Amino acid sequence: MEKTAIHSEVVRIIAELFEIDPARITPNAQLYTDLEIDSIDAVDMAAELKSLVGKKISPEDFKQVRTVQDVVDAVYKLQQA
């Protein structure tokens, strides 16, 4: 899956899970400050992203994730592994 398609899916997942306007979910949006996603929400998001990756996502895979683009990059990297 290409990064643009992953980005679209990440936006859809965040918008649906957390009832956030998709217009706010930009690549540079900070998950914790701009989108107000907390650590428990992040676990829920990782569970949803599992379907994109096709395998379990460990907390280590998302340790450095801070922005929406970081999520896209992490999912892309996991798909390539």
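Glutamate 19 sits in the loop between α1 and α2, and that makes a handy place to start in this predicted model. The backbone of glutamate 19 has a positive phi of about 50°, even though the residue is not a glycine. With a relative accessible area of 76%, glutamate 19 is exposed. Glutamate 36 belongs to the loop between α1 and α2 as well. Again there is a positive phi in a residue that is not a glycine, here about 55° for glutamate 36. The relative accessibility of glutamate 36 is 62%, so this residue counts as exposed too.

Stepping back to the whole chain, the model holds three helices and zero strands. Read from the N terminus, the order of elements is simply α-α-α. How does the radius of gyration fit with that of a compact globule? For 81 residues, such a globule would have a value near 12 Å, and the chain comes in at 11 Å, which agrees. The C-alpha trace spans about 30 × 25 × 20 Å along its principal axes. Of the contacts with a separation of 6 or more, 54% involve residues 24 or more positions apart.

On the surface side, the accessible area of the chain adds up to about 5000 Å², and carbon and sulfur atoms account for 50% of that. Buried residues, for their part, make up 38% of the 81 in the chain. As for charge, there are 9 positive and 15 negative side chains. The centres of these two sets are 9 Å apart.

Turning to the inside, the largest nonpolar core is built from 26 residues. Ile14, Leu31, Leu35, Leu49, Phe62 and Val71 have the most contacts within this core. Three elements give two or more residues to it, namely α1 (3–18), α2 (39–53) and α3 (68–80). The biggest share comes from α1, which supplies seven residues. Phenylalanine 62 gives a good look at how some of this packing is put together. Leaving out residues up to four places away in sequence, phenylalanine 62 touches Leu49, Ile57, Val71, Ala74, Val75 and Leu78. Two of the partners of phenylalanine 62, Leu49 and Val71, also appear in the list of core residues with the most contacts.

The loops make contacts of their own, and proline 27 is a case in point. Proline 27 is found in the loop between α1 and α2, and at 34% relative accessibility this residue counts as partly exposed. Which residues does proline 27 contact, once neighbours within four places in sequence are set aside? They are His7, Thr67, Val68 and Gln69. Proline 27 and alanine 5, in turn, are 22 residues apart in sequence, with 13 Å between their C-alpha atoms.

One of those partners, threonine 67, can be followed from the other end. Threonine 67 lies in the loop between α2 and α3. Is threonine 67 buried or exposed? Its relative accessibility is 11%, and buried means under 20%, so threonine 67 counts as buried. Without neighbours within four places in sequence, the contacts of threonine 67 are Pro27, Asn28, Ala29, Gln30 and Leu31. The residue pair Pro27 and Thr67 thus shows up in the contact lists of both partners. Leu31, another contact of threonine 67, is among the core residues with the most contacts.

Two helix residues round out the picture. Threonine 4 is part of helix α1 and is exposed, with a relative accessible area of 63%. Threonine 4 and valine 71 are 67 residues apart along the chain, and their C-alpha atoms are separated by 12 Å. Aspartate 70 belongs to helix α3. With a relative accessible area of 26%, aspartate 70 is partly exposed. Not counting residues up to four places away in sequence, aspartate 70 touches Gln64 and Val65. Between the C-alpha atoms of aspartate 70 and glutamate 9 there are 14 Å, for a pair set 61 residues apart along the chain.

Note on methods. Residues numbered from 1 in each chain as written. Predicted model: local features only at pLDDT ≥ 70, side-chain atom pairs only at ≥ 80, totals over all residues. Heavy atoms only, no water. Helix = DSSP H or I, 4+ residues; strand = E, 2+ residues; numbered from the N terminus. Rg over C-alpha atoms; globule rule 2.2 N^0.38 Å. Buried < 20%, exposed > 50% of the residue type's maximum accessible area, 1.4 Å probe, protein only. Contact = heavy atoms within 4.5 Å. Areas by Shrake-Rupley, 256 points an atom, 1.4 Å probe, with all protein chains shown as cover. Lys, Arg positive; Asp, Glu negative; His and termini not counted. Charge placed at Lys NZ, Arg CZ, Asp CG, Glu CD. Core = buried A, V, L, I, M, F, W, Y, C linked by side-chain atoms within 4.5 Å.
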